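Please load the model in your viewer and keep the selection panel at hand. The tour proceeds by selections, each followed by what is to be found there.

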Amino acid sequence: MIYGYVIVAEKNSVARAIASFLGGTSVKRLQVEGVPAYEFYWNNSRSLSIGVSGHILNFDFPKEYNKWNSIDPRQLFFIKPILVTREGAYKYIKALRLLAQKTSTVILALDADVEGEAIAFEVMQIMSQANPSLEFKRAWFSAITRTDILEAFKNFRKPNENLANKAFSRMIVDLTIGASFTRILTLSVEKRNGFLPKGKFLSYGPCQTPVLYLVVKRELERESFKKKKYYVLRVKFESPEGVFTGHATFDDASKANEALRVVKNIGKGIIASSEYVTVNIQPPVPLNTVYLESRGSLFLNLRPKETLAIAETLYANGYISYPRTETTRYPPTLNLKNILSMFSEWENTGWYVKKLLLKGFKPTEGREDDKAHPPIYPTKAASKNEIVRKFGEKAWRVYEYVARHFLATLSEDAIVERQKIIVNIDKLQFQAEGRKVVYLGFYQVYPYSVPQDDPLPYLLRGEEVRVLEAKLEERTTQPPQYLSEAELLALMKKYGIGTDATMQEHIHTNIERKYFIVKNKRLIPTPLGRTLAVSLYETVPELVLPEIRGRMESKLVKIANGEVSPEELVQEMLEEFLSYYDKLTQNIDKVAEKLVEGLKKVYQEENNEASHASAKKKSSMKRRKTTRQRKKI
């Protein structure tokens, strides 16, 4: 069978959607070398669309350099990595090679980002080897909707080699740095009979480890925090307009007790000042990846990795736009009115949407624009039943959030009155603060962080109020909490650690490596993670400081912009980290000894927990057996 066009997408679901939009009722499902594909007529030609599964190729060292015990890790800095087939991806290579011989034109419909462009060049390399005369065209789209797909297939662009080289350069640098430092750390521990279970290793990553450092740094800040006692005198006042509570804070217990005595003796106060100021609370700016992941943690009770995975499923099935984006401003080409109109009957918000359409709207704007994708927005109005039936309850939470966030960005400000009263009793001052929601504005469709009413009575300066109750509370200053995932994502964004699409992966890797755990939405280092971060910081701080990775990412942008050659920049980065490697080897004995102790703590605790669980299970089985015997008697 000869095809006028072969279309290669990044996922099977996207390939299926493209076939449906382009081919209508002519779509026929088949398989090519075990890979699902879709045959249809488009542009007066028999065409076929097929999906791969992310990267097909990956960088690795030649086989002879993957023998950890016989190769000095330092040598890896001087070895050029080669492209190899990713595990499980060979069937895609076979399918692409076969299809390359059945067409003259290939349309690259991979995801519209740096990684997607890299995959496009992998596809080009594989198919060109089978058919050097192929013509390649790039379809660029940010949503799996009929409109977006048809528009992309009318306006092809050339594959962007600079974007792909940015991704490939990062892969080469991260492989070399990660492999060399992982090997020296692991081998140095094994040399000292450090307890490492079979198949386990001590991993280092140029993104992963600075993330660990941020988590450990917060724990160290908690430990160095010096608690102090302080005293809060809370006084309940009564006025003709209502009851309210003011407070005063003291560092000294004797002064606090004296103040309590004065308040009780005098029994009344005078309003020294009262302020009632209305302030506008602006709606959120358009949604990007990091904000979606952090809100998923805060509002939806979902881990960042899970939130993004669900968002990608919704995207691939045409419910939301591309979820990997840094942009927080809608492009002028995006028809916001049409999108808004789709929600005129949606989930109890129809009345609000109709009001926006009638009154008009002006979207909020953030500062970020990656020039590649719009912010995340819903591409279809779907009911809760539809989403839950297809993808589950968690998917509904993510979809609903995306939809409501979009509606909020087109909405009016909320108006809140901030209130403050100061009461004088002799020379003492007591402050009361309140809040009253005057107009809900965007909160009418965005229920995730609605301010709660806590109003004060309206009083004038000079009015007298009566003391109803006075109570002295002893308190202690508290250390900062362990980092939350939302806070960590914000710090990663600040320092430029990873991309919007990979940040959650670096968090997940640390958890898999037993470097920190998640408990009550807080990230707590294990003894091993803490030892690794602290030891590296004390020896070669550049290996963990987040600013170093941020600097690397800013340099990689120059490749995408065509300002530097990939080869020169890769060489520059590797030379920098080679100097860090040599510095570490000079102190590796001291670092390894500390890591051995950290490993013992982590895996001994794990073994103890396993033993406890096993004993508990045996005890339970014994009790059930005894119960059955008694019943027989």
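The stops below go from the whole chain to a sheet, a loop, the cores, a helix and the empty spaces.

**The whole chain**

Begin with everything displayed, bearing in mind that this is a predicted model. The C-alpha atoms of the protein chain occupy a box of roughly 95 × 80 × 70 Å along the principal axes, and the secondary structure comes to 19 helices and 16 strands. Of the 633 residues in the protein chain, 50% are buried. If contacts are taken between residues at least 6 apart in sequence, 77% of them join residues at least 24 apart.

**The six-stranded sheet**

Next select the strands β2, β3, β4, β1, β7 and β8, which in that order form an open sheet with mixed pairing. Its edges are β2 (28-32) and β8 (135-138), each of which pairs on one side only. Direction ignored, neighbouring strands of this sheet are turned by 30 degrees against each other on average.

Narrow the selection to β1 (residues 5-9) and β7 (residues 105-109), which run parallel and are joined by four bridges. Here Val8 stands opposite Leu108 in β7, and Ala9 stands opposite Ala109. Then add helix α1 (residues 12-23), which packs on the sheet and touches β1, β3 (35-42), β4 (45-51) and β7, its direction making about 15 degrees with that of β3. Helix α3 (residues 114-130) also packs on the sheet, touching β1, β7 and β8, and its direction makes about 165 degrees with that of β8.

Keep β7 and colour its residues by burial: five of its five residues are buried. In a regular strand the side chains alternate between the two faces of the sheet. In β7 both faces are covered, with Thr105, Ile107 and Ala109 buried on one side and Val106 and Leu108 buried on the other. On the way to the edge, β7 pairs with β8 in the parallel sense over four bridges, and Ile107 stands opposite Lys137 in β8.

**Leu134, in a loop**

Now select Leu134, in the loop between α3 and β8. Is Leu134 buried or exposed? Leu134 counts as buried because its relative accessibility is 10%, whereas the cut-off for burial is under 20%. Showing its surroundings, and leaving aside neighbours within four places in sequence, one finds Leu134 in contact with Ala100, Thr103, Ser104, Thr105, Val106, Met127 and Ser128. For a sense of scale, draw a distance from Leu134 to Glu241, 107 residues apart along the chain: their C-alpha atoms are separated by 82 Å.

**The nonpolar cores**

Met127 leads on to the next selection, the largest nonpolar core, which has 103 residues and in which Met127, Phe181, Leu185, Phe577 and Leu584 touch the most other members. Helix α5 (residues 161-191) supplies the largest share of this core, 14 residues. Apart from this core lies another, of 65 residues, including Ile7, Ala19, Ile144 and Leu410.

Centre the view on Phe577, which touches Phe77, Ile177, Phe181, Tyr204, Leu543, Ile548 and Met552, residues up to four places away in sequence not being counted.

**Cavities and a pocket**

Stay at Phe577, since the largest cavity is lined by Phe577 together with Tyr204, Pro206, Pro210, Glu542, Leu543, Val544, Leu545, Ile548, Arg549 and Met552. The volume of this cavity is about 40 Å³, and the count of cavities of 30 Å³ or more comes to two. Helix α17 (residues 546-560) gives the largest share of the lining, three residues.

Then move to the second largest pocket, which holds about 860 Å³ of space. Of the 31 residues that line this pocket, Asp148, Glu151, Thr333, Leu334 and Tyr377 lie nearest its centre. Both α4 (146-152) and α10 (336-341) supply at least two residues of the lining, and the largest share, five residues, comes from α4.

**Helix α15**

Finish with helix α15 (residues 503-512), whose buried residues are Met503, Gln504, His506, Ile507, Thr509 and Asn510. These buried residues pack against α6 (208-224), α8 (289-299), α9 (304-316), α14 (485-495) and β15 (516-519). Following α15 is Lys514, with a positive phi near 65 degrees.

Definitions and conventions: Residues are numbered from 1 along each chain as its sequence is written. Side-chain values use heavy atoms; hydrogens and water are left out. A nonpolar core is a set of buried Ala, Val, Leu, Ile, Met, Phe, Trp, Tyr and Cys residues joined through side-chain atoms within 4.5 Å. Buried means under 20% relative accessible area, exposed over 50%, partly exposed in between (1.4 Å probe, protein chains only). Contact means heavy atoms within 4.5 Å. Two strands pair if DSSP finds at least two bridges between them. Axes are lines fitted to C-alpha atoms, for helices over the stretch in contact, and angles run from 0 to 180 degrees between N-to-C directions. On a 1 Å grid over the protein atoms alone, a cavity is a set of points where a 1.4 Å probe fits but cannot get out, and a pocket is an open set with protein on both sides within 12 Å along at least five of seven lines; lining residues have an atom within 4 Å of a point. Grid points are joined across faces, edges and corners, and a volume is the space filled by probe spheres set on the points.
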